[in-house]
Amino acid sequence: MAPLPNAELVQNSLQLYRYLLRCCKQLPEESIRQHYQHAIRQSFKVHADEDDPERIQQIIKRAIEDADWVMNK
């Protein structure tokens, strides 16, 4: 399963959140979708107070790489 196009356009946390939830919609089983949607929401709550722009970009890059891995699994 290919990742969604335009991942390179994700520049901020809201765009990342939307991108990741759209990726979840492509997963084949409901239980898997629910698991990853929950994980995405929890991760955003954990990192909600992050204010270092460099760290935010690192998180975005890693999240997209992880999403690509999940989608190709």
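**Exercise 1.** Determine how far the sulfur of Cys24 lies from the closest cysteine sulfur, and decide whether a bond is possible.

*Solution.* The sulfur of Cys24 has its closest cysteine sulfur in Cys23, at 7.1 Å, which is too far for a bond. The criterion is that a disulfide is a pair of cysteine sulfur atoms within 2.5 Å. Taken from the side of Cys23, the closest cysteine sulfur is that of Cys24, again 7.1 Å away, and the structure holds zero disulfides. Cys23 is buried, with a relative accessible area of 3%, and Cys24 is buried too, likewise at 3%, where buried stands for under 20% relative accessible area, exposed for over 50%, and partly exposed for values in between (1.4 Å probe, protein chains only).

These values come from a predicted model, in which local features need pLDDT of at least 70 and side-chain atom pairs count only at pLDDT 80 or more, while totals for chains, interfaces and linings use all residues. Residues are numbered from 1 along each chain as its sequence is written, and side-chain values use heavy atoms, with hydrogens and water left out.

**Exercise 2.** Establish which residues of H3 are buried, and where they lie around the axis.

*Solution.* Helix H3 (a DSSP run of H or I, at least four residues, numbered from the N terminus) spans residues 53–72. Its buried residues are Ile59, Ile60, Ala63, Ile64, Ala67, Val70 and Met71. They lie on the same side of H3, because their arc, taken from the directions from the helix axis to the C-beta atoms, covers only 130 degrees. On the other side of H3, Glu54, Lys61, Arg62, Trp69 and Asn72 are exposed.

Conventions. Helix = DSSP H or I, 4+ residues; strand = E, 2+ residues; numbered from the N terminus. Expected span 1.5 Å × (residues − 1).
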